[in-house]
Amino acid sequence: MAQANRLAPRQPVCLLLFLAALLLPLEAYSGVYLMSPGKWRDGKISWRYNPAGIAPGADEAAILATVKRAFDAWSAVCNITAEYAGTTATGLDQTSARSEVVLGYTALPYPQAADAAPDSEDSASNYTYFTSGKIRISSSIGANIQYNPDTLVHEIGHLLGLDHSDNPYSIMFANPYNTVPSPGTYKLFGDDITTCANLYGAKGIQGDVGTPKSSAVVPARLEIAAIIELDATGASVLRLFNYSPVGIDYSNAYLNASYASNAKAFRAAPGDNTLEIWVKSDQPRYPYDIQHNIGGQTARSHDLVRQIGFAAGANGTVSVSRIDTVESGTLAAYSARANIQSSAPGTQQVYVAALYANTVYFRTAQGWSGSAAPLFTLTSPGAANFDILRDFDARDVPPGAALYVGYGASMDELIAKQQIKLVHTF
């Protein structure tokens, strides 16, 4: 593409299909929420099996194989590693004290066949790396759990730190047993994949698993830019720019896994740093959870987690300039995020652009525009991690359409310095 065509606005030409897709509600296939701040360090889980209490006639080998496949379903789409470490005598009530993850049997209220969770959901001010947890199978009806593997995929999602979904086409929907398409297939859907990827890292776009196009109304979700800038004293501060129809309830920040409150002012150590931000939206959580008081959960859920990665110099400020992008989900629920670092002083304009048939449209806080306009601005030296698209149904996007992200003091500088990156060509 010639330089003049890179991000210069053009008159609309052949954009009907593309714009029809772009203007669809971005929340059409969203839904998975998060537990309180915490995850497994480096995405690694070692688990053991306690056979005590197994139901008579249960196929132990089949149950173990089903649990392993359920873990595999998650590790195929995000950066987690689950290792079976053999049998154990540790009971389900001893996992926390012994720092083990145990698969075992217990009485569960009918008709619940299984459940799972890490042992230590943390308070707002304490970031937790999970070290123990449990996968509980009903000692009565769980004997045939291998015939309903989606139940275990759902429950292991909870073990990883995922909460329930308000999307009936998600494996994390609060009642997954009858509503997800293709039951018994261990399939994860776009928002399941993206939420796991946000916690542990993505493994790219997965194949379209045939999520039906639904007219069901799903609550809107947050799309934000998490931005690090300098204040007048030279300290770094966090700013959240929200360009979704959803409000922010509150946020917590953790600098290199240490609590940084709302990151009103902090100084990073020289070298590589990560500021992780957990954000609750003002949307009510899925009604099933409130109605049944699942886990004593409140009426609000963590909607997203974002990590701003940046390299700091001796003075703690951003010392490099670069653009990184990550994609996750499926074509039915496509998500992409960018992480921008800018060391040059001054105001930087950050652009998200869609190019099709020599026509460029720019994403703004108000929607898509045919005029060159930034999504947000960044006072540099600084960094930002932000949503390019979140849970977007891209199946109607015409072949050849492309997404770009870039930044510069002006559009001319962006083009001249080639501070632009291709995110995806559909």
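1. Let me start with the side chain of D192, which reaches the backbone nitrogen of I171 at 3.0 Å. The side chains of D192 and S170 are also joined, by a polar contact of 2.5 Å. Please keep in mind as you read on that this is a predicted model.

2. Where does D192 sit? Its place is in helix α6. D192 counts as buried because its relative accessibility is 0%, the cut-off for that label being under 20%. Neighbours within four places in sequence aside, D192 is in contact with V32, W74, L162, S170, I171 and M172.

3. W74, one of those contacts of D192, turns up again in the largest nonpolar core. That core has 47 residues, and W74, I135 and L160 are the ones that touch the most other members. Which elements supply at least two residues each? They are β1 (32–34), β3 (44–49), α2 (60–75), β5 (101–106), β6 (114–118), β8 (133–138), α4 (149–160) and α6 (190–200). The largest share, seven residues, comes from α2.

4. A second core is worth a look too: apart from the largest one lies another, of 30 residues, and its members include A338, V352, L389 and A401.

5. Back to I135, for anyone who would like to inspect its surroundings. Not counting residues up to four places away in sequence, I135 touches V67, F71, L92, V102, L103, G104, D115, A116, L152, I156 and L159.

6. Three of the names on that list, L152, I156 and L159, are also among the buried residues of α4. How many residues of α4 are buried? The count is 12 of 12, so this helix is mostly covered. Polar and charged side chains are part of that set, with D150, T151, H154, E155 and H158 among the buried residues.

7. The geometry of α4 can be checked as well. From first C-alpha to last, its 12 residues reach 17 Å, close to the 16 Å expected at 1.5 Å a residue. After α4 comes G161, with a positive phi near 115 degrees.

8. Finally, a different aspartate: is D249 buried or partly exposed? D249 is partly exposed because its relative accessible area is 39%, which falls between the 20% and 50% limits. D249 lies in strand β12 (residues 248–255). Its C-alpha atom and that of H302 are separated by 9.2 Å, with the two residues 53 apart along the chain.

Terms used. Residues are numbered from 1 along each chain as its sequence is written. This is a predicted model: local features need pLDDT of at least 70, side-chain atom pairs count only at pLDDT 80 or more; totals for chains, interfaces and linings use all residues. Side-chain values use heavy atoms; hydrogens and water are left out. A nonpolar core is a set of buried Ala, Val, Leu, Ile, Met, Phe, Trp, Tyr and Cys residues joined through side-chain atoms within 4.5 Å. Buried means under 20% relative accessible area, exposed over 50%, partly exposed in between (1.4 Å probe, protein chains only). Helices (H or I, at least four residues) and strands (E, at least two) are DSSP runs, numbered from the N terminus. Contact means heavy atoms within 4.5 Å. A polar contact is a pair of N or O atoms within 3.5 Å; within protein, one must be able to donate a hydrogen and the other to accept it, and residues adjacent in sequence count only if both atoms are side-chain atoms. The expected span of a helix is 1.5 Å times one less than its number of residues.
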